[in-house]
Structures are given as C-alpha cells and as structure tokens.
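Got the viewer open and a free hand on the mouse? Let's take a walk through this structure, one selection after another.

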Amino acid sequence: MVEEANNKLLNADDGPACEQSAVDGVKYYTLEDIRLHNMSTDTWLIINDKVYDITSFLEEHPGGEEVLLEQAGSDATESFEDVGHSTDAREMLEQYYVGELHLDDRKKEKPKEANVTHPGESSAWSSWLISAVAAAAVGVAYRYFIFEHKSS
Ligand code: HEM
C-alpha cells in the first residue's frame with residue numbers, strides 16, 4: 001500500500017504543482033522543480049545528484065555569493081569539484097540537504113567497456129599468428145628439402 005502510494009508520487013507528472021515525490025522519506029526533485037529556485041531569496045543547487053537549499057549560506061560562502069548565484073537552480077557539481085573544496089566544505093553540505101535529484105534527470109553512467117577489442121591488441125595477435133604459420137611453413141619446406149635430398 002505504502003509502496004504503491006510512493007510509486008504514484010514518484011511517477012507523478014502533474015506539472016509544477018507537484019514539486020516533489022517521496023520514497024522512504026527521501027524527496028525527489030526534477031530538474032524543472034529545481035530550476036525554479038534560482039534567485040537570491042530562494043537558492044537551490046545540485047551537487048552529485050543531491051539537492052541543497054543554500055539560501056541561508058549565500059552570505060557565508062568564503063568564495064562569495066556571486067559564484068553560487070551563477071549556479072542557482074542548476075547542477076553545480078562540476079564547479080564545486082573544480083574548486084577542490086575541503087572535507088569541511090563537503091561536511092557543511094549536509095545541513096542544506098533537501099532531497100535527491102529525480103532518477104530520470106540523472107546523467108546516465110558511461111557503459112562499461114565490455115568485450116571491446118582494442119585495435120592494438122587484435123593486430124598484435126594476428127601478426128603473432130602470421131609469424132607462427134610462416135615458421136611452420138619454413139619447417140615443413142626444410143624437412144621436405146632434406147627428405148628429397150637424401151632420397152636422390
Ligand atoms: C553549497 C555548496 C558549497 C559549500 C558548502 C561551499 C563551501 C566552501 C568553503 C567552506 C570554502 C572555503 C575553502 C574550503 O574549505 O574548501 C569555499 C571556497 C570556495 N568556494 Fe565554495 N562552497 C559551495 C559551493 C561552491 C560553488 C558551487 C562554487 C562555484 C564556483 C564555489 C566556489 C568557491 C571558491 C571559488 C572558493 C575559494 C575561495 C578562496 O579560496 O579564495 N563554491 N567554499
């Protein structure tokens with residue numbers, strides 16, 4: 001029953017009126033939901049698929065509020081990581097956490113390189129095979145030559 005209700009919430013796409021979905025108490029927000037929180041009086045951003053309401057942090061940010069406002073309402077993961085924030089900075093994030101980015105809006109992980117033959121590998125293997133066949137042919141020819149020579 002509860003699961004059914006959660007699924008309904010997660011799949012709901014009733015437009016902006018339905019801003020969040022909840023599964024096991026975790027709130028999920030779509031990119032569209034988050035984009036609406038893009039002003040200095042209401043600032044949200046995404047870092048590593050987590051959503052943060054940093055409105056009260058803007059003035060406290062050691063890097064200034066400008067940089068945060070530039071990212072407001074969007075995914076700030078790259079700029080956050082590029083700065084090389086300290087562990088303290090990462091721990092600070094927790095207090096501004098409001099939920100998760102909706103699964104449908106997450107960047108898809110790159111598919112793993114399974115069964116991919118690297119160009120170098122296959123050519124190395126085939127040249128080894130050619131050498132082996134050539135060596136065998138030379139051996140056979142030599143034996144044939146010796147045999148012929150003895151019998152004549
Ligand atoms: C809510 C997320 C963020 C938190 C909690 C946070 C926190 C901090 C903290 C504590 C520092 C001091 C240095 C350190 O401890 O690493 C810092 C510095 C800085 N932050 Fe952030 N930050 C956040 C997001 C961002 C974003 C999205 C940018 C985007 C460009 C940014 C840019 C900077 C810069 C440029 C500095 C360097 C200041 C300096 O060394 O002069 N920060 N931040």
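Before the first stop, a word on patches: they are made of residues with over 30% relative accessible area and no salt bridge, where like charges are joined within 9 Å and nonpolar side chains (Val, Leu, Ile, Met, Phe, Trp, Tyr) within 5 Å. Accessible areas come from the Shrake-Rupley method with a 1.4 Å probe, and for residues only the protein chains shown count as cover. A salt bridge, in turn, is a side-chain nitrogen of Lys or Arg within 4 Å of a carboxyl oxygen of Asp or Glu.

Also, you are looking at a predicted model, in which local features need pLDDT of at least 70 and side-chain atom pairs count only at pLDDT 80 or more, while totals for chains, interfaces and linings use all residues. Residues are numbered from 1 along each chain as its sequence is written, and side-chain values use heavy atoms, with hydrogens and water left out.

**Stop 1: the whole protein**

Switch to cartoon view. You should find six helices and six strands; these are DSSP runs numbered from the N terminus, helices being H or I with at least four residues and strands E with at least two. Follow the chain from the N terminus and the elements go α-β-β-α-β-β-β-α-α-α-β-α.

Now turn on the surface. The accessible surface is about 11,500 Å², and carbon and sulfur atoms account for 56% of that. Of the 152 residues, 22% are buried, where buried means under 20% relative accessible area, exposed over 50%, and partly exposed in between (1.4 Å probe, protein chains only).

**Stop 2: a patch on the outside**

Select Trp128, Leu129 and Val133: they make a nonpolar surface patch of about 330 Å². Val133 sits in helix H6, which covers residues 119–151. Is Val133 buried or exposed? Val133 is exposed, at 54% relative accessible area.

**Stop 3: into the core**

Next, select Leu45, Ile47, Tyr52, Ile54, Phe57, Leu58, Leu68, Ala76, Phe80, Leu93 and Tyr96, the 11 residues of the largest nonpolar core. Such a core is a set of buried Ala, Val, Leu, Ile, Met, Phe, Trp, Tyr and Cys residues joined through side-chain atoms within 4.5 Å. Apart from that core lies another one, of six residues, including Tyr29, Trp44, Ile46 and Val51.

Back in the largest core, click on Leu93. Which residues does Leu93 contact, leaving aside neighbours within four places in sequence? They are Ile47, Tyr52 and Phe80, where contact means heavy atoms within 4.5 Å.

**Stop 4: His85 and its surroundings**

Select His85, in the loop between H4 and helix H5 (87–93). His85 is partly exposed, at 21% relative accessibility. Setting aside neighbours within four places in sequence, His85 is in contact with His61, Phe80 and Arg90. Zoom in on Phe80: its backbone oxygen lies 2.8 Å from a polar atom of the His85 side chain.

**Stop 5: charged pairs**

Side chains of opposite charge can pair when their charged atoms come close. How many salt bridges does the structure hold? There are four.

Arg90, which you just met beside His85, forms one with Glu81, the closest N and O atoms being 2.8 Å apart. Glu81 is partly exposed at 31%, and Arg90 is partly exposed at 32%.

Another joins Asp75 and Lys107 (3.8 Å, N to O). This pair links distant parts of the chain, 32 residues apart: Asp75 is in the loop between helix H3 (65–71) and helix H4 (77–83), and Lys107 is in the loop between S6 and H6. Asp75 is partly exposed at 29%, whereas Lys107 is exposed at 71%.

**Stop 6: Glu100**

Finish at Glu100 in strand S6 (residues 97–101). Glu100 is buried, with a relative accessible area of 11%. Not counting residues up to four places away in sequence, Glu100 touches Val26, Lys27, Tyr28, Tyr29, Asp49, Lys50, Val51 and Arg106.

Show the side chains of Glu100 and Arg106, which meet in a salt bridge (3.1 Å, N to O). Arg106 is partly exposed at 21%. Add Lys50 to your selection: salt bridges that share partners join Lys50, Glu100 and Arg106 into one network.

How values were computed: Polar contact = N/O pair within 3.5 Å; in protein donor to acceptor, adjacent residues only side chain to side chain.
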